[in-house]
Each structure stands twice: as structure tokens, then as C-alpha cells.
Amino acid sequence: MSTTTHPEATIEAHPTLPIITITREFAATPAQVLKAHTDPELYARWVGPNGITTRIDQWDARRGGSWRFSNVVTSDDDTEYSFYGSFHDITDNRIVQTFTWEGEPDGVSLETLTVEDLGNGRTRLVAQSLVDSIEGRDAWLRSGMETGVNDGYAKLDDLLAEGAV
């Protein structure tokens, strides 16, 4: 893990809708940021909080494809948390997918990730999650998701800096 200071993602709840928006900039091209989100080997190397190992169980990153991965908490008797969904659209600047935690299979969110080329090798990522209710949105925010988001994006920064993407 790098000792470099990484920027924090901005995580905001819409005031009246069950939407969470995450915004973060990267020293990378849009193509690199999208590749890190669609290539299963790369994705497993950066997603989630520190202290977990990600295992890709299924990954078909195309329109109509599906995915499933498990996070294994190695310091906690190998406790596993699994997630799954479907890719609905993948373009040069956007990914639309569903996201479900297996522990709450009725809680499906619709996620739209867009990338914007800021020039000079920088990209802004905006990820929007539409959940089923304000209560569901607030539960996500209370879950500690910001730790996983920021730890994961810091790992992605390191992969980008070392040329792995």
C-alpha cells in the first residue's frame, strides 16, 4: 500500500430522492478509469476497503452481461460478503449496472458511472446510485461505505501510477 496521500471522494445524498452521488478525480484517461471498472482482474485488485481480498466469481462486462464478486475479510475468520448484478450499458464514457448485496437481495440499486475527460491526463468520475427508498439510501450512508470507496480509489490511484491500467 502506498504512503501517498490520496484525495477523498465526495459522497452526497440527494435531499429529496433516494440517490447517492460519488465524485472523484483521477490522474488517468477516461479509458483507463473505465478499464479498471470493467476488467475483472484489475477490478479485484482495487475495489473495496483495505483488509479484504476480492474474488471474482462471474464477470461478463458487456450490455446484458452479469457479474458477481465476493469480498473476503481475512482478519475476521474469512467472513465473506458477496455482491451481484447486471451490466445494462457500457460505452466509452458510461457504465450502467445493477448492484445487489446478497445479504439483502431485495435491495437492488441502479448505478450509473460516467467519466469526463478533464484534459492533461485527468478524469472526473461521477457514480450515481439510485436505491429503493430514502431509508435505504440512509442505511447505505451509515454502513461505512465511504471507507470502502476511499480505500478502493486510493488502491486504484496506485495501480494507475504504477502503470498497471
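The lining of the largest pocket divides into 26 nonpolar, 14 polar and four charged residues, where Ala, Val, Leu, Ile, Met, Phe, Trp, Tyr, Cys and Pro count as nonpolar, Asp, Glu, Lys and Arg as charged, and the others, Gly among them, as polar. The model is predicted, and local features need pLDDT of at least 70, side-chain atom pairs count only at pLDDT 80 or more, and totals for chains, interfaces and linings use all residues. Residues are numbered from 1 along each chain as its sequence is written, and side-chain values use heavy atoms, with hydrogens and water left out.

**Pocket**

- The largest pocket (on a 1 Å grid over the protein atoms alone, an open set of points where a 1.4 Å probe fits, with protein on both sides within 12 Å along at least five of seven lines) has a volume of about 1,300 Å³, taken as the space filled by probe spheres set on the points.
- Of its 44 lining residues, which have an atom within 4 Å of a point, those closest to the centre are Phe-83, Phe-99, Trp-140, Met-145 and Val-149.
- Helix 4 gives the most to this lining, with six residues; helices (H or I, at least four residues) and strands (E, at least two) are DSSP runs, numbered from the N terminus.

**Sheet**

- Eight strands form an open sheet in the order 1-2-8-7-6-5-4-3, with antiparallel pairing, a pair requiring at least two DSSP bridges.
- Strand 1 (10–13) and strand 3 (52–59) are the edge strands, each pairing on one side only.
- Strand 5 (residues 79–90) and strand 6 (residues 94–101) run antiparallel and are joined by five bridges, and Tyr-84 stands opposite Thr-100 in strand 6.
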